[in-house]
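Trainee: I have a protein structure to read and do not know how to start. Could you take me through its features one by one?

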Amino acid sequence: MTMVKLKMGMVGGGQGAFIGAVHRIAAQLDNQIELVCGAFNQNPDDTIASGLSFGLPKNRCYASYKEMFIEEQKLPDTERMDLVAIVTPNHLHYDIATLAIEHGFHVISDKPATLNLNQVIALSETLAKHNSLYALTHTYSGYPMIKEAKHRIKQDELGEIRKIVVNYPQGWLSQPTDENNKQAAWRLNPEMAGISCCIADIGVHGAHLAEYISGLTISHVCADLTTTVAGRYLDDDGTVMLRFSNGAKGVLLASQIATGEENNLTISLYGEKASLHWSQESPNSLIKKYPNQSSEIIRTGVGNLCAITQSNTRLPAGHPEGYIEAFANIYLNFAQQIHALKHQLVPPTSALDVPDIKDAIRGMTFIERVVQASESDQKWHKI
Ligand SMILES: NC(=O)c1ccc[n+]([C@@H]2O[C@H](COP(=O)([O-])OP(=O)(O)OC[C@H]3O[C@@H](n4cnc5c(N)ncnc54)[C@H](O)[C@@H]3O)[C@@H](O)[C@H]2O)c1
């Protein structure tokens with residue numbers, strides 16, 4: 001069967017934006033999806049300028065996302081977009097996702113899913129009433145070595161997990177920022193970011209990764225958030241103690257004032273028999289450590305890796321499988337879900353390995369409980 005590319009619209013991600021460009025490259029990397037339209041900016045002229053620079057015709061550059069959903073719905077099946085990528089600041093995610101679903105489109109949204117927990121619950125209810133699929137781009141779950149770690153834990157290579165340590169230090173907010181730093185401006189504005197900056201921006205990735213790899217859920221949190229740089233309204237640093245569903249303990253450090261750090265996400269999972277360690281800045285390696293023997297370096301493209309790892313690996317050994325490829329894995333798997341739904345086929349198991357609305361609800365719950373815990377004298381807060 002000749003594969004017809006899925007057609008994608010985008011909201012946000014105009015020229016000068018950060019993650020929209022990554023989404024466009026990732027979505028199109030495997031030739032399963034093409035960008036056909038967008039409302040890339042709140043300003044219609046800027047949307048047209050962006051759309052033209054992406055090679056789109058002017059009539060598919062819409063003045064607003066509302067107009068885009070209405071006009072695209074009128075187009076014939078051969079032209080109409082199938083899915084929309086949401087890459088705006090957080091406060092718009094709920095409205096855009098809800099409208100998209102109500103107009104019959106599939107949604108791939110960046111995180112955090114919504115501005116608050118109530119919104120994501122309402123979104124899940126809307127989703128349940130429609131035939132749309134939903135994916136959330138928790139990027140790090142797309143790396144092949146993360147999938148391998150998940151597989152090995154499922155195979156009981158570590159035994160019972162006892163401790164999980166996630167460290168996510170960045171330094172880009174270590175100094176005061178002004179309105180010219182567009183990415184910082186909205187992240188530090190509660191009306192656009194929600195009740196948290198650091199935890200909603202990066203802490204939630206760490207929490208998702210811990211649950212995704214371990215297969216456990218975080219049951220309780222104890223948190224200490226800080227607004228380090230004067231004049232800010234939201235946290236730029238956080239320390240969270242974790243308790244997991246099996247009784248394992250954990251720590252999640254998330255910081256945007258860790259001076260000099262780039263995107264130094266690391267995770268360690270310690271079991272009774274062995275431990276696993278991964279670092280985002282050298283993503284092709286997964287280190288396995290034992291109590292009484294030398295450590296093992298598990299590498300992408302080498303040896304007997306599981307089927308899911310292999311299907312999420314693009315390159316021969318030694319070529320870095322990076323951030324864009326991890327994003328592209330989420331897009332490719334989600335595209336396979338959409339194709340299966342369109343053609344009434346059963347999707348391959350690997351296609352279902354994509355963060356979804358359940359992860360969206362867990363993420364928003366995590367953010368709300370961590371902020372609540374930090375503001376409270378009570379030590380542990382249930383998730
Ligand atoms: N998964 C990841 O690793 C990752 C990384 C970075 C950002 N993000 C998330 O992606 C989202 C965007 O972050 P960013 O850093 O790219 O922000 P950004 O400020 O760089 O870009 C936001 C874009 O949204 C556009 N926009 C704003 N209002 C709009 C509207 N009404 N209609 C159309 N477009 C509108 C802006 O013009 C801009 O182009 C956030 O939710 C963020 O949390 C996720």
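Mentor: We will go through the annotated domains, the ligand, the pockets, the cavities and two backbone details. This is a predicted model, in which local features need pLDDT of at least 70, side-chain atom pairs count only at pLDDT 80 or more, and totals for chains, interfaces and linings use all residues. Residues are numbered from 1 along each chain as its sequence is written, and side-chain values use heavy atoms, with hydrogens and water left out.

Trainee: Which residues does the UniProt annotation "domain: Gfo/Idh/MocA-like oxidoreductase N-terminal" cover?

Mentor: UniProt positions are given in the numbering used here, feature names are shortened, and annotations may be inferred rather than shown by experiment. In the unreviewed UniProt entry, that annotation covers residues 7-136. This span is 40% helix and 19% strand, and its end C-alpha atoms lie 18 Å apart. Helices (H or I, at least four residues) and strands (E, at least two) are DSSP runs, numbered from the N terminus. The entry also places "domain: GFO/IDH/MocA-like oxidoreductase" at residues 147-276. Residues 147-276 are 27% helix and 32% strand, with end C-alpha atoms 12 Å apart.

Trainee: How many residues surround the ligand, and which are the closest?

Mentor: A residue is near a molecule if one of its heavy atoms lies within 4 Å of it. Here 29 residues surround the ligand, and the closest are Q42, N90, K111, Q183 and Y323.

Trainee: What should I look for in a polar contact with the ligand?

Mentor: Look for a pair of N or O atoms within 3.5 Å; within protein, one must be able to donate a hydrogen and the other to accept it, and residues adjacent in sequence count only if both atoms are side-chain atoms. A polar side-chain atom of N90 lies 2.7 Å from an oxygen atom of the ligand, and one of Y323 lies 2.8 Å from a ligand oxygen atom. With F40, a backbone N or O atom lies 3.4 Å from an oxygen atom of the ligand.

Trainee: How much space lies in the largest pocket, and why does it lie between two domains?

Mentor: On a 1 Å grid over the protein atoms alone, a pocket is an open set of points with protein on both sides within 12 Å along at least five of seven lines, whereas a cavity is a set where a 1.4 Å probe fits but cannot get out; lining residues have an atom within 4 Å of a point. Grid points are joined across faces, edges and corners, and a volume is the space filled by probe spheres set on the points. The largest pocket holds about 1,100 Å³ of space. It has 42 lining residues, and A17, V87, P89, Q183 and W186 are the closest to its centre. Strand 1 (6-12), helix 7 (182-187), helix 9 and helix 11 (323-342) are the elements giving two or more residues to this lining, and helix 7 has the largest share, five residues. The pocket lies between domain 1 (6-132) and domain 2 (143-315 + 362-382) because both give residues to its lining. Domain bounds come from an automatic or database domain assignment.

Trainee: How do the lining residues of the largest pocket divide by class?

Mentor: Ala, Val, Leu, Ile, Met, Phe, Trp, Tyr, Cys and Pro count as nonpolar, Asp, Glu, Lys and Arg as charged, and the others, Gly among them, as polar. The lining of the largest pocket has 20 nonpolar, 17 polar and five charged residues.

Trainee: And what is the volume of the second largest pocket?

Mentor: The second largest pocket has about 500 Å³ of space. Of its 21 lining residues, K150, Y212, L352, D353 and V354 are the closest to its centre. Helix 6 (144-154) gives the most to this lining, with four residues. By class, the lining has seven nonpolar, five polar and nine charged residues.

Trainee: How many cavities of 30 Å³ or more does a search of the whole structure find?

Mentor: The search finds two. The largest cavity has a volume of about 90 Å³, and among its lining residues are H138, H208, E211, D359 and R362. Helix 9 (198-214) and helix 12 (357-375) each supply at least two residues of that lining. The second largest cavity has a volume of about 40 Å³. Its lining has seven nonpolar, three polar and no charged residues, including P112 and M364.

Trainee: What is unusual about the backbone?

Mentor: Most residues other than glycine have a negative phi, and most peptide bonds are trans. The peptide bond from K111 to P112 is cis, with omega near -15°, and P112 lies in the loop between strand 4 (106-109) and helix 5 (117-128). N31 is not a glycine, yet has a positive phi of about 60°. N31 is in the loop between helix 1 (19-28) and strand 2 (33-39).
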